[in-house]
Amino acid sequence: MENSTESFSFVLAMYGDTGQLKYLYFTLAVIFYISVIVANSVLIIVLYTDKNFHEPMYLFLCSLFVNEIYGSTSLLPCFMVHMLSDTHDISASLCFIQIFNIHSYVAIEFGTLTIMAHDRYVCICKPLHYNSIITKRKVQLVILFIWIFCLVEVGVLLSFTIRLNFCGTVINKVFCVHHLVVDLSCSSDRTVSLVHDVIFGLIFSIAGPVSYISYSYVNIFSVCLKGSKETRMKALETCTPHFVSLISFVFACFYSLISQRFDASTVPYPLCVFLSTYAMVIQPLLNPVIYGLKLSKIKHACKNLLTLKASQLYLFPEAYLNSTNNSGLGCAGVEQGG
């Protein structure tokens, strides 16, 4: 029987019957979601309100933190609703919205990590030209381009899927996945899925960014090997958060691509759910934590915001003004380790 997307729903089969454990999973989801919102929001506020952070590197970080909230919101509210529900149906329209949000989040994440790698490459390998190559205006335009391009790209690709008729309803995931939805279509033509996997999944979202990031790090390591011990330590300090974030996200995307195409029934249920949602749950919490702890300037600003700001504003306004007028970073994210 063929069904169009109008008044049609899918079943998210991976939820299954978890019994009383559903309350535990729901509680954990709430804790993670609140943590993601709070951690990223605090850093966004710190970077936005303190003019010392209005530098290229921190503008990229601000975009990254906004995207973490976007990615987490694309999954966790729906996940929490389904976890407490006896049925796990999701309307076709909401399913496609979720696909759009998750896939655009992934594309924006890789795009932002790529341009951040370029920023570190220029800073370490071409420090004398940094201020002319990486300007505030250019950074703002690049960030805007990444968001618009990724949203439009995913929207265009998804527009082909929306027109399909569907014969199946069961998606063996806790969220909607484009590849699995296309597999449920009545058409034997998998061109749409192939185009999505090759152009979006491999070339634009993974292969292209990872290739350029690898190129940037090869050059960075080459310069560090030729430089002084101090240069190597500073480069290590500023590149470590980005490298950890990248490895974490590549792992999440690699598992997602593999699990969609192979039988994962042998993987324990809690682990399977954890790994499949890693990119939208752990990654959005990992980034603000590693950047907030590793970069001392951000760490100190957060401490001022969370513990001293009120007392400094009302009791010691001069001390507060002095604490927010520390020297800027410029190229130098390389300065400061935790």
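**Exercise 1. State what share of the chain's residues is buried, and describe its surface and fold.**

Solution. In this predicted model, 48% of the 338 residues count as buried. Next, take the surface. The accessible area of the chain is about 16,500 Å². Carbon and sulfur atoms hold 69% of that area. Then the secondary structure: 14 helices and 3 strands. Last, the contacts. Take those between residues at least 6 apart in sequence; 82% of them join residues at least 24 apart.

**Exercise 2. Classify the ring pair of Tyr 121 and Tyr 215, and work out which parts of the chain the pair ties together.**

Solution. Begin with the total: the whole structure has 17 aromatic pairs. Tyr 121 and Tyr 215 form one with 6.1 Å centre to centre and 50° between the planes. An angle from 30 to 60 degrees counts as tilted, so this pair is tilted. Now place the residues. Tyr 121 sits in helix H4 (residues 92-125) and Tyr 215 in helix H8 (residues 191-226), so the pair ties together parts 94 residues apart in sequence. Check burial. Tyr 121 has a relative accessible area of 10%, so Tyr 121 is buried. Tyr 215, at 44%, is partly exposed.

**Exercise 3. Do the same analysis for Tyr 217 and Phe 221.**

Solution. The ring centres are 5.7 Å apart and the planes meet at 40°, so this pair is tilted. Both residues lie in helix H8, 4 residues apart, about one turn of the helix. Tyr 217 is buried at 6% relative accessibility. Phe 221 is partly exposed at 46%.

**Exercise 4. Name the residues that ring pairs link into a cluster.**

Solution. The cluster consists of Phe 8, Phe 10, Phe 96 and Phe 166.

Terms used
Residues numbered from 1 in each chain as written. Predicted model: local features only at pLDDT ≥ 70, side-chain atom pairs only at ≥ 80, totals over all residues. Heavy atoms only, no water. Helix = DSSP H or I, 4+ residues; strand = E, 2+ residues; numbered from the N terminus. Buried < 20%, exposed > 50% of the residue type's maximum accessible area, 1.4 Å probe, protein only. Contact = heavy atoms within 4.5 Å. Areas by Shrake-Rupley, 256 points an atom, 1.4 Å probe, with all protein chains shown as cover. Phe/Tyr/Trp six-rings, centres within 6.5 Å; stacked < 30°, edge-to-face > 60°.
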